[in-house]
Structures are given as C-alpha cells and as structure tokens.
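Work through the exercises below with the sequence and the structure at hand. Each task is followed by a solution in steps.

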Amino acid sequence: MSTTTHHRPSPPAPWRSTFESHVSSMPSPEFIFATVAASSSSSSSPTPYVPRLRYCIYRGMWSQLPENKHNTAPKNPRVYDSDMPTFTTDVRMQKVGQLFASSAGHAAKDEQVQGSGGGGPCEAVFWVKEKGTQWRVKGTAFVVAPDIEGEKESSGVRTVKSEVGGRMRVVEGGEGKEGEWSWQRELTGHFGNCSPGMRGSWRNPPPGTPVKGEPDQDHQLAQKIEDLEDPIARSNFRVVVIKADEVEQTDISDPATARRWKYTLVADAQDGKGEWTTKELWP
C-alpha cells in the first residue's frame, strides 16, 4: 500500500452504530450534500460564497466496502475501519470543483481538480423517515481519483492520504496486514459496487453542457458498462469521502420525548485524532 498516515487506534464514533442501523432501514440511502461555491459577479448574494445542494447516494463507510455479490472487483482485506461516509460522483460535476476551490489549497483551474484532493467544507443531511430521525454530518470532503496510487504523488494525493488515512483505524486481526491494503483497489471496488447502468453514467455527455446535436460514440446516454477498467468511465469516476467533525442526531419520532444529540470530535493537539464528545439537547 502507498504511504498513508495512520494514528493510534480509536474506538468507533458513538453515533456510528445507530447511524448505520437507521440508514440501512431506508429504501434508498439518499441524502442532501451541501458545498459552497464562489458567488458570481452577477449574483445578488452579499457574501463571496453561496450554498449548493444536491441529492447523493450513501455508499458505506470508507475502507468498509459494502458486500455486493455482483461485484467481481478484487476486494481489500478487512484491515481498516473508519467513520467517514462515502458517495460516488463524476469529476465533471460542479461539486468536485467546489470541494477543491473551497479547500485550503483553493484549487480553481480545471486541471487542478482532475486528481485526488479537495477538502472543502461540506454538510450531509439524511432524513430517515422510517425512524423519525434527521442526521446532519458536518466536516470536509476529499476526492479519491485514479492517481491515488502511482509512481509520483501529487500534493492532492498526499493530502488525501494524510487527512483520510489519519482517520482510518486498524481493525482487530488487521495488525501487520496494512501493506496488503490498497487505495486503488478500494476505488475500483466502489466502481464495481455500482450497477452496469450506473457505471455507464460516467460515459454520459458532459453534465451541464448544452445539447447540440448528437453526442459522440464514446459519450452516450443509457450505456451499460461491464468492464471494471473501462478507460472513459474510470477517468470520470470519483469517490468522495466525508471527514466528519460534527454529527447531529435529531429524533422526533415521539413528540413527547424528542431529543437532539450533538457529537463533536475534539482534536488531540499531539496526534490530531481526538475523541468524540456527546451533548444531549432539546430538538
């Protein structure tokens, strides 16, 4: 495995078990993902940034790829665990550029957002109707791209491996097997977990561009991709990892006992990992 920053082991976040139980009860694990974008000169916004939201599909916690009997991609051994939700996206979507532009590196040029990196602020909101509970996950989001493992590491790759890798913990029985785990294999595993029709979406015409005649043969709608190494689809495919710093669970299933719990990660000054604190609040 390429160099990854890992800190001392830590227990799962106190909200993790309930969150995963709730999300697993949803017919489709959809959530709203919010980023910030620079306001245009023609915008009426009094601030330099404006919110941008869209629906995404939860794809499990990073390093804990959900089981899928139809996925033929090679799987990583169970070495790591984390409390970082993931979803898949297309590098051509605006959210990717926004995560780079609002990050500490302020990458704004198109060529700067093609690889791994990002780290801009974000918030994810899940409404679990089946449990009468809303979940808000606040933090920063990082993009895992095909360059995550290679001969040369960009600053973006180093950032992802440091920031995301720093929140990955070795599971029981995984000690000594860290070198068997691969970032690239995890990325391919996420691609394989998508249906052939979903994989085909990464060969769609460029999102948000004007419709002018028929698209070229490489970029057609409703394609079904079986090849897990399809060069065009894989060049556009990305996994986004949400590094949560604060999580809120608001349970209004029973108005008489409604509560809100706020979980905050208090960073350790020495290793940057820290521990989660819990506060019970009125909803």
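## Cover of helix H4

What covers the buried residues of H4? The model is a predicted one.

Solution. Step 1: find the helix, which spans residues 183-193. Step 2: list its buried residues, which are Trp-183, Glu-186, Leu-187, Thr-188, Gly-189, His-190, Phe-191, Gly-192 and Asn-193. Nine of the 11 residues of H4 are therefore under the 20% relative accessible area that defines buried. Step 3: look for what lies against these residues. The cover includes three strands, E4 (86-90), E6 (133-144) and E8 (237-251). It also includes helix H3 (155-163), helix H5 (196-200) and helix H6 (231-236).

## The start of H4

Which residue caps the N-terminal end of H4?

Solution. Step 1: go to Ser-182, which is the capping residue. Step 2: check the distance; a side-chain oxygen of Ser-182 is 3.2 Å from the backbone nitrogen of Gln-184.

## The surroundings of Gly-119

Is Gly-119 buried or exposed, and which residues does Gly-119 touch beyond four places away in sequence?

Solution. Step 1: place the residue; Gly-119 is part of strand E5, residues 117-128. Step 2: compare its relative accessibility with the cut-off. The value for Gly-119 is 13%, and buried means under 20%, so Gly-119 is buried. Step 3: list the contacts. Leaving out residues up to four places away, Gly-119 touches Leu-99, Ser-103, Thr-140, Ala-141 and Phe-142. Step 4: add a C-alpha distance. Phe-100 is 19 residues from Gly-119 along the chain, and their C-alpha atoms are 6.4 Å apart.

## Cover of helix H2

Which residues of helix H2 are buried?

Solution. Step 1: H2 covers residues 94-101. Step 2: its buried residues are Lys-95, Val-96, Gln-98, Leu-99 and Phe-100. Step 3: among the elements that cover them are strands E1 (30-38) and E2 (49-57), along with E4, E5, E6 and E8.

## The whole chain

How many helices and strands does the protein have, and how compact is the protein?

Solution. Step 1: count the elements, which gives six helices and 10 strands. Step 2: compare the radius of gyration, 19 Å, with the 19 Å that the globule rule gives for 283 residues; the two are close, so the protein is as compact as a globular protein of that length. Step 3: note that 45% of the 283 residues are buried. Step 4: take the contacts between residues at least 6 apart in sequence; 65% of these join residues at least 24 apart. Step 5: turn to the accessible surface, which is about 14,500 Å², with 52% belonging to carbon and sulfur atoms.

Terms used:
Residues numbered from 1 in each chain as written. Predicted model: local features only at pLDDT ≥ 70, side-chain atom pairs only at ≥ 80, totals over all residues. Heavy atoms only, no water. Buried < 20%, exposed > 50% of the residue type's maximum accessible area, 1.4 Å probe, protein only. Helix = DSSP H or I, 4+ residues; strand = E, 2+ residues; numbered from the N terminus. Contact = heavy atoms within 4.5 Å. Polar contact = N/O pair within 3.5 Å; in protein donor to acceptor, adjacent residues only side chain to side chain. Rg over C-alpha atoms; globule rule 2.2 N^0.38 Å. Areas by Shrake-Rupley, 256 points an atom, 1.4 Å probe, with all protein chains shown as cover.
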